[in-house]
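Open the model in your viewer and keep the selection tool ready. The tour goes from stop to stop.

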Amino acid sequence: MVGIIPAIIINWVALFSYKEDMINQELESIQKQCTLLVDVLEKADYFSVDGHVESPWEISNCITLMQSLYNERIIFTKGMNLLYDSFQKESAGIVTNKIRGTIQDTLSKKDTKLFLKSYKKKDKVILKEEKALKIIIPFYKESYSLEETGFIYVIADTKEILSNYQKIKEKVMTISCILIALILAVTFFYSGFVVKPLKELIQYIEKITDGFLGEKVSIKSYVEVEDVVDSINHMTTKLETLESSRQEFVSNVSHELKTPITSIKVLADSLLQQEDAPAELYREFLTDITDEIERENKIITDLLSLVKLDKTSGELNIDTININELLEQILRRIKPIAAERNIELVFESYRPVLAEVDEVKLSLAVNNLIENAVKYNFDDGWVRVSLNADHKFFYIKVSDSGVGIPEDEQENVFERFYRVDKARSRETGGTGLGLSITRNAILMHRGAIKIYSKEKEGTTFTVRIPLNHVRKNEN
Ligand code: ADP
C-alpha cells in the first residue's frame, strides 16, 4: 500500500498536469497567431469603412498557414456580420470585404452565445472545452462603432492533443501496472522473508513457556532475528541455571531440615528401647534433643531471613545511619562471646561515617561477618574491624587470625548451605546460610564484598557500600 497508493496518485497528477500544459500551450500559440493576424489585418486596413483592402493575399496566406497548423475554423466578422468563414469554400470575403450573412446563421446557438459575450464587452473571450478551444478576439480603431468592430473567432480542435495524451496515458498505465506487479511480488517475497523466522521464534517461545528449557533455538535468518535468537538462548541458559539452583536449594533445605529431626528420632528411639533407663540418661538425651530443636529453629530463622531478603529486594528501608555507632553496637554484642575464648576484638575507625542504608539488613550482614571471624578463629586470637570512607563509598574490613579458607573454596562460601568444615560449622551452630544472607544484603545496597584468606593464617572480608543510596532505576 505504501508503494502503490503514492504511485497511483503521482501518475494521476502527472497525467492531468501534462494534459493541462498541452492545452495551455496550444491556447497560447493560437493567441499569438491571432495577434499576428490582427497586425496584418490592421496594416491592410481590412475593416476600413470604404472596404478597400491592401495586399489581400498576405491575409489569405496567413489564414491558410494558421489553418494548416492548428486544424482550426477561423471566422472574421464585422460587428455581427460574417466576412469570412474558413469552413465555407469561397473565401473571397477576405479580398472583397463582402458580407456573407450573420453570425446567428453560421454558428450553433452555443457558439453564438459565446460570441455575444465578447461582442457585448468588446473584449477577448476564451473557452476551454473537452474537444475544442474557442477564442474570440475583437480588434478595432477608436473611431469604429460596435458594428464596424472586427472579431476573429477561432475554434481549434483538441483531437491531436487528446490522442497524444491518450497514447502517453496508455504507456504510463502499462509501466504503472508492471511497477505495481513488481512491488506486489517484492512485498510478497519480502514479507515471507521477514515473517517466517518470526513465526518459528514464536513457536519456540511457546515451547519455553510450556517448560522445555533445554532446547536451543537455531534460526538462520537476517541479523536482527539472529540477535533475538542469541538473546533468547542466553535467557534460557540463565533460566536453566536458575531452575537447577532452585532445585538444588530445595533439596539442600530438605536435607538440612531432616538432619536434626533424624538425630531427634535416633535419640528418642534409643531411650524408648531401654526399658529401665536411668534419669541421668533421660536428662542427657533430652538435652541433646533440645540442642537439635534449637538447631532446627536456627536453620528455619536463617532461611526465613534469606527468603525475606530475596523477596523484598529493592524494598530497602533507607535511613541516614551513623555507621560508627552501628559497628560499635554489634561489637558490644559479640564481645562476651569472643571473651569466652580470649579473642581480642578491635575496632578501628578512620573517620565518622554517615550513610543512607537499611539499618536492620546492614547489621545482619556485618554481624554475620564478625560472628564468623570469632567462630572460625583460634583461642587467644584476634579480630579487627575497620571503617573508612571516601567521597562515594564507605568500607568495612573484618580481619581475623583464624583457620582461613582454602583458596579453591573461597568462591563457594557465599553459596547457600556451603560449609568448608561441616563438623566445625555444626559445632559452632552454623547453618551455612550466614554469608549468603550477608552477600544478599550488601548487593541490595548496590555494594560489593570480597574475600582474602590464607589457610591457618586468617581471613579478611572487605565490604564496599555507596554512601548515598542508589535507587534501582538510577543504575
Ligand atoms: P556458617 O553458618 O556455617 O558459618 P556461613 O555462610 O556464614 O555459614 O559461612 C560459610 C562457610 O564459610 C563456613 O562454614 C566456614 O567454613 C567458612 N567461613 C566463613 N567465615 C569464615 C572465616 N572468617 N574464617 C574461616 N572460614 C570462614
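Helices here are DSSP runs of H or I with at least four residues, numbered from the N terminus. By that count, Tyr204 belongs to helix H6. Keep in mind that this is a predicted model.

**Stop 1: helix H6**

Select residues 159–209, which make up helix H6. Now pick Tyr204 within H6. Is Tyr204 buried or exposed? Tyr204 is buried, because its relative accessible area is 6% and the cut-off for buried is under 20%. Add Glu215 to the selection and draw a distance between the two C-alpha atoms. Tyr204 and Glu215 are 11 residues apart along the chain, and their C-alpha atoms are separated by 8.7 Å.

Stay on H6 and select Val186, which also sits in this helix. Show the surface. Val186 is part of a nonpolar surface patch of about 850 Å². Select the other members too: Ile175, Ile178, Leu179, Leu182, Phe189, Tyr190 and Phe193.

**Stop 2: the nonpolar cores**

Hide the surface and show side chains. Select Ile323, Ile370, Val383, Phe394 and Ile396. These residues have the most contacts inside the largest nonpolar core, which has 50 residues. Apart from that core lies another, of 21 residues. To find this second core, select some of its members, among them Met66, Ile74, Leu133 and Ile137.

**Stop 3: the loop between H10 and S9**

Go to the loop that links helix H10 (359–375) to strand S9 (382–389), and select Asp380 there. Check its backbone: Asp380 is not a glycine, yet its phi is positive, at about 65°. Asp380 is exposed, because its relative accessible area of 55% is over the 50% cut-off.

**Stop 4: the loop between S10 and H11**

Move to the loop between strand S10 (393–400) and helix H11 (422–427), where Glu415 lies. Phe417 is found in the loop between S10 and H11 as well. What is the phi of Phe417? It is positive, about 65°, although Phe417 is not a glycine. Phe417 is buried, with a relative accessible area of 5%. Glu415, by contrast, is partly exposed, because its relative accessible area of 44% falls between the 20% and 50% cut-offs.

**Stop 5: the negative patch**

Keep Glu415 selected and turn the surface back on. Which residues form a negative surface patch with Glu415? They are Glu248, Glu407, Asp408, Glu411 and Glu455. Color the patch to end the tour.

Definitions and conventions. Residues numbered from 1 in each chain as written. Predicted model: local features only at pLDDT ≥ 70, side-chain atom pairs only at ≥ 80, totals over all residues. Heavy atoms only, no water. Core = buried A, V, L, I, M, F, W, Y, C linked by side-chain atoms within 4.5 Å. Buried < 20%, exposed > 50% of the residue type's maximum accessible area, 1.4 Å probe, protein only. Patch = residues over 30% accessible without salt bridge, like charges linked within 9 Å, V, L, I, M, F, W, Y side chains within 5 Å. Areas by Shrake-Rupley, 256 points an atom, 1.4 Å probe, with all protein chains shown as cover. Salt bridge = Lys/Arg side-chain N within 4 Å of Asp/Glu carboxyl O. Lys, Arg positive; Asp, Glu negative; His and termini not counted. Charge placed at Lys NZ, Arg CZ, Asp CG, Glu CD. Helix = DSSP H or I, 4+ residues; strand = E, 2+ residues; numbered from the N terminus.
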